[in-house]
Every structure is written in structure tokens, then in C-alpha cells.
Amino acid sequence: MIDTSRIHYSWLPHIRHALEENLPRIEEHIGQEFLPPPADVFAALSMPLEDVRVLIVGQDPYPTPGHAMGLSFSTRPGVAAPRSLRNIYAELQDDLGISGRDDGDLRAWSAQGVLLLNRVLTVAPGQAGSHRRLGWEAITEAAIRALAGRDIVAILWGRDAQNCQAFLPGTDCITSPHPSPLSARRGFFGSKPFSRANAALEARGVPAVDWRL
């Protein structure tokens, strides 16, 4: 069973209905073999809703056992950064002069109020995209809609993430192609999402994010 105890209570009024409608079917379909571990599935929503300053939307967890840890684009400590994340690190260096890490642990961003939320929160080992269209999208849509109208910035990389703009009326959205090796050179590199996010936050009177890792 998926552990929902890590969901901060501030999210529950917004996602309870979607959880009740979809989680039983999701659990029935995925069985016991899924990533990340049950206790980490809702790790992103352990952040209080009111603490969110930036939303970064991912697709689904890394399908390699031992990598996914419940935050989009992030790996467990000590796991080498995957190629998309290495491209994110390269853009971070170009944009703000901040170096990435050898591993892919992005928890320092979470501590700064960066919500690293995948649209789909589980995956079958070795099968990227395997748990799409089971109901996760309804749950994460409800969470994203809870952020609409707040003083946040959304960073939306790639088409799947950019579809979330429809859930975020009145929200500053920074969009570009996905940082994957297939698309990073089509407009992700040079898009300066980190400095643009900080400028948008400060324009709203919200402190900038310290993007150092």
C-alpha cells in the first residue's frame, strides 16, 4: 500500500477527493512492484502548501531501482545525476554561475520552497511511463490547482509540464523545451529559468530562491 502519511495536512482539502477517487484503482493496478518506495511516493507533498515558492513539474519517477525518491528530477543521495539533470546543472551554471552536484540529490531546493512534483508519482521498475493514465494525473492536477493565484512561479519544461499552465491561471509560468538530451539544445539551454524565476518572485515581493546545491 502507498503511504499517504507524508502528505502535509495543508494539501488535503484540495486533493482529498482526487485521492479517494483514484488511489484505490492505482494501488490495485500497480500491486507491490513500483518505484519509489511506498513511503516516498508523496514526498513532494510533505512540504506545506504555504511554503511553496516555485513549482517544477516533472513527468514520472526514474525507473531504475534505487534512483527515485519522490521528488521530480531528484535522485537519492549518492546516485549519479542522470543526463537530463546534468543538463539542468549546466543551465544552472550558465544562468547563475552555480555548480551542480556529482549526484542528483535536489533536497536543498525543496528546503528553499521549490516543489518538485511529478505528474505521475509511481513507475514500474525499468518501465518509464508505465503508470500514466491510471489516475495519478487527477491527483497531481488537484495539487497544482491548489497553487493557482498564489505568489509562486511555475517552471514548466516540455509539453507535458506546459499542459499544466491550464491549471495555473494568474501564475507566472516559465516555459521551455525539456532538458532531456533529445530536446535540450532546442531552447532549454539559454532559457535562464532560475534567474527568471527569482526575478518574477521578487516582482511579487517574495524572496528569491537560493539555488545552490
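Of the 213 residues in this protein, 54% count as buried. The model before you is a predicted one, and every value I give is computed from it.

Let me turn to the overall fold. The protein contains six helices and four strands, and along the sequence these follow the pattern α-β-α-α-β-α-β-α-β-α. The radius of gyration is 16 Å, close to the 17 Å that the globule rule gives for 213 residues, so the protein is as compact as a globular protein of that length. Along the principal axes, the C-alpha atoms fill a box of roughly 45 × 35 × 25 Å. How do the contacts relate to the sequence? If we take contacts between residues at least 6 apart in sequence, 69% of them join residues at least 24 apart.

UniProt, in an unreviewed entry, lists residues 45-201 under "domain: Uracil-DNA glycosylase-like". Over that stretch the chain is 26% helix and 13% strand. The C-alpha atoms at its two ends are 21 Å apart.

I now come to helix H4, which covers residues 136-145. Which of its residues are buried? They are Trp 136, Ile 139, Thr 140, Ala 142, Ala 143 and Ile 144. These buried residues pack against helix H1, residues 12-30, and against strands E1 and E2.

Next, the loop between E1 and H2. Asp 60 is found in this loop, and the unreviewed UniProt entry lists Asp 60 as "active site". Is Asp 60 buried or exposed? The cut-off for buried is under 20% relative accessible area; Asp 60 has 15% relative accessibility and therefore counts as buried. Setting aside neighbours within four places in sequence, Asp 60 is in contact with Asn 118, Val 120, Thr 122, Val 123, Ala 128, Gly 129 and Ser 130.

Gly 70 lies in the loop between strand E1, residues 54-58, and helix H2, residues 83-96. With a relative accessible area of 13%, Gly 70 is buried. Its contacts, again leaving aside neighbours within four places in sequence, are Pro 36, Asp 40, Ala 43, Ala 44 and Leu 116. Consider Pro 36 in particular: Gly 70 and Pro 36 are 34 residues apart in sequence, yet their C-alpha atoms are 6.2 Å apart in space.

Helix H2 itself holds Ser 84. This serine has 15% relative accessibility and so counts as buried. Not counting residues up to four places away in sequence, Ser 84 touches His 178, Pro 179, Ser 180 and Pro 181.

Beyond H2, in the loop between H2 and H3, we find Asp 103. At 10% relative accessibility, Asp 103 also counts as buried. Which residues does Asp 103 contact, leaving aside its neighbours within four places in sequence? They are Pro 77, Gly 78, Val 79, Ala 80, Ala 81 and Tyr 89. Asp 103 and Ala 80 are 23 residues apart along the chain, and their C-alpha atoms are separated by 4.2 Å.

Finally, I shall describe two pockets. The largest pocket has a volume of about 330 Å³. Its lining consists of 20 residues, and those nearest its centre are Gln 59, Asp 60, Pro 61, Tyr 62 and His 178. Two of these names have appeared already: Asp 60 is the residue listed as "active site" in the unreviewed UniProt entry, and His 178 is one of the residues that Ser 84 touches. By class, the lining of the largest pocket has nine nonpolar, nine polar and two charged residues.

The second largest pocket has a volume of about 220 Å³. It is lined by 16 residues, of which Arg 6, Ala 43, Met 69, Leu 71 and Arg 107 lie nearest its centre. Ala 43 was also named among the contacts of Gly 70. Which elements each supply at least two residues of this lining? Helix H3, residues 107-110, and strand E2, residues 114-118, each do so. E2 gives the most, with three residues. By class, the lining of the second largest pocket has ten nonpolar, two polar and four charged residues.

Note on methods:
Residues are numbered from 1 along each chain as its sequence is written. This is a predicted model: local features need pLDDT of at least 70, side-chain atom pairs count only at pLDDT 80 or more; totals for chains, interfaces and linings use all residues. Side-chain values use heavy atoms; hydrogens and water are left out. Buried means under 20% relative accessible area, exposed over 50%, partly exposed in between (1.4 Å probe, protein chains only). Contact means heavy atoms within 4.5 Å. UniProt positions are given in the numbering used here, feature names are shortened, and annotations may be inferred rather than shown by experiment. On a 1 Å grid over the protein atoms alone, a cavity is a set of points where a 1.4 Å probe fits but cannot get out, and a pocket is an open set with protein on both sides within 12 Å along at least five of seven lines; lining residues have an atom within 4 Å of a point. Grid points are joined across faces, edges and corners, and a volume is the space filled by probe spheres set on the points. Ala, Val, Leu, Ile, Met, Phe, Trp, Tyr, Cys and Pro count as nonpolar, Asp, Glu, Lys and Arg as charged, and the others, Gly among them, as polar. The radius of gyration is taken over C-alpha atoms; the globule rule is 2.2 Å times the number of residues to the power 0.38.
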